[in-house]
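Trainee: Could you walk me through reading a protein model, one feature at a time?
Mentor: Sure, let's put it on the screen.

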Amino acid sequence: MKILIVEDEQGLRENMLTYLSEDNNICESCATLADAIAKLASYNYDFVLLDIGLPDGEGFELLNYLKKEMRSEAVIIISARNSLDDRITGLNIGADDYLVKPFHLAELKARIVAVFRRKSTNSNNNLIFNEIVINLIGRTVFVNDVEIILTRKEYDMLLYFIANKGKVIAKTALAEHLWGDEMDMHDNFDFIYSHIKNLRKKILEATSNDYLKSIYGIGYKFTDR
């Protein structure tokens, strides 16, 4: 999953970042409301872990932002404030859970998994594009009922393309979504070409259809047209 940690306490922020990254999640963090809104304006995330007592404003403002923009990120509030009013306010605005500090990181992880399962249960677990079926829970891909084996990055890339089928995806948007802050370490986009090449080859071998189109000078589009 791609997780944004919004927490101004440096020690806790770094501990969460390290712990949650061990499961191959892509984790990013920030310490202020302004930085959190800037990141959400630029990137999509699966989860936001949100402290409501931020130095430049209330975390509730971020919940209002997500609601206004009709975003789908799951949100777990992490706060030292344990009042019933704060809990009710957060949950009513759109938070999926509320965890009071101090907490064990194992409990935080369990709550993330529980929220993910609950949201998945309430939706269709399969993402379908023609003969390609992605099972979102099992992270498996089938073509005409035959499973094709993808690496984690290839799977994430295919999921992103099908979720945005028919749209032109800029190379920068693809790199930012799949690599997050790691892309800043690269001087160009050569590092994504091998993943694109391998994904296209596996799809071609399984379907004989070249759904992944290169848009010269811009990026890629996943389409059957």
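Mentor: Let's start with a term: helices and strands are DSSP runs, numbered from the N terminus, with at least four residues for a helix and at least two for a strand. With that in hand, you can place Asp 145 in the loop between E10 and E11. Keep in mind that this is a predicted model.

Trainee: What is special about the phi of Asp 145?
Mentor: Phi of Asp 145 is near 70°, a positive value in a residue other than glycine. Asn 144 lies in that loop between strand E10 (140-143) and strand E11 (146-148) too, and Asn 144 has a positive phi of about 50° without being a glycine.

Trainee: Are Asn 144 and Asp 145 buried or exposed?
Mentor: For that you need a cut-off: under 20% relative accessible area is buried, over 50% is exposed. Asn 144 has 52%, so it is exposed. Asp 145 is at 75%, so it counts as exposed as well.

Trainee: How many helices and strands does the protein have?
Mentor: There are eight helices and 14 strands.

Trainee: And how do I judge the overall shape?
Mentor: Try the radius of gyration. A compact globule with 225 residues would come out near 17 Å, and the protein has 19 Å, which agrees. Its C-alpha atoms fill a box of roughly 60 × 40 × 30 Å along the principal axes. As for the inside, 42% of the 225 residues count as buried.

Trainee: Now the strands. In which sense do E8 and E9 pair?
Mentor: Strand E8 (residues 126-129) and strand E9 (residues 132-135) are antiparallel, with four bridges. One bridge to find on screen is Ile 128 with its partner Val 133 in E9. The two strands form a hairpin with two residues between them, where Asn 130 takes a positive phi near 50°.

Trainee: In which sense do E6 and E7 pair?
Mentor: Strand E6 (residues 74-79) and E7 are parallel, again over four bridges. Look for Ile 76, which stands opposite Asp 97 in E7. Strand E7 (residues 97-100) is covered on both faces: Asp 97 and Leu 99 are buried on one side, Tyr 98 and Val 100 on the other.

Trainee: What comes after E7, in the loop before H5?
Mentor: Pro 102 lies in that loop, between E7 and helix H5 (105-121). Check the peptide bond joining Lys 101 and Pro 102: it is cis, with omega about -5°.

Trainee: How should I look at a helix? Which residues of H3 are buried?
Mentor: Pick out the buried residues, then ask what they pack against. In helix H3 (residues 60-68) the buried ones are Phe 60, Leu 62, Leu 63, Tyr 65 and Leu 66. They pack against several elements, among them strand E1 (2-6), helix H2 (33-42), E6 and helix H4 (84-93). After H3 comes Met 70, with a positive phi near 55°.

Trainee: Can we finish with one residue? Where is Ile 203 found?
Mentor: Ile 203 is in helix H8 (residues 190-207). Its relative accessibility is 4%, so Ile 203 counts as buried. Leaving aside neighbours within four places in sequence, Ile 203 is in contact with residues including Ile 132, Leu 158, Tyr 211 and Phe 222. Take Leu 158: Ile 203 and Leu 158 are 45 residues apart in sequence, and 9.7 Å apart in space from C-alpha to C-alpha.

Note on methods: Residues numbered from 1 in each chain as written. Predicted model: local features only at pLDDT ≥ 70, side-chain atom pairs only at ≥ 80, totals over all residues. Heavy atoms only, no water. Rg over C-alpha atoms; globule rule 2.2 N^0.38 Å. Buried < 20%, exposed > 50% of the residue type's maximum accessible area, 1.4 Å probe, protein only. Pairing = 2+ DSSP bridges. Contact = heavy atoms within 4.5 Å.
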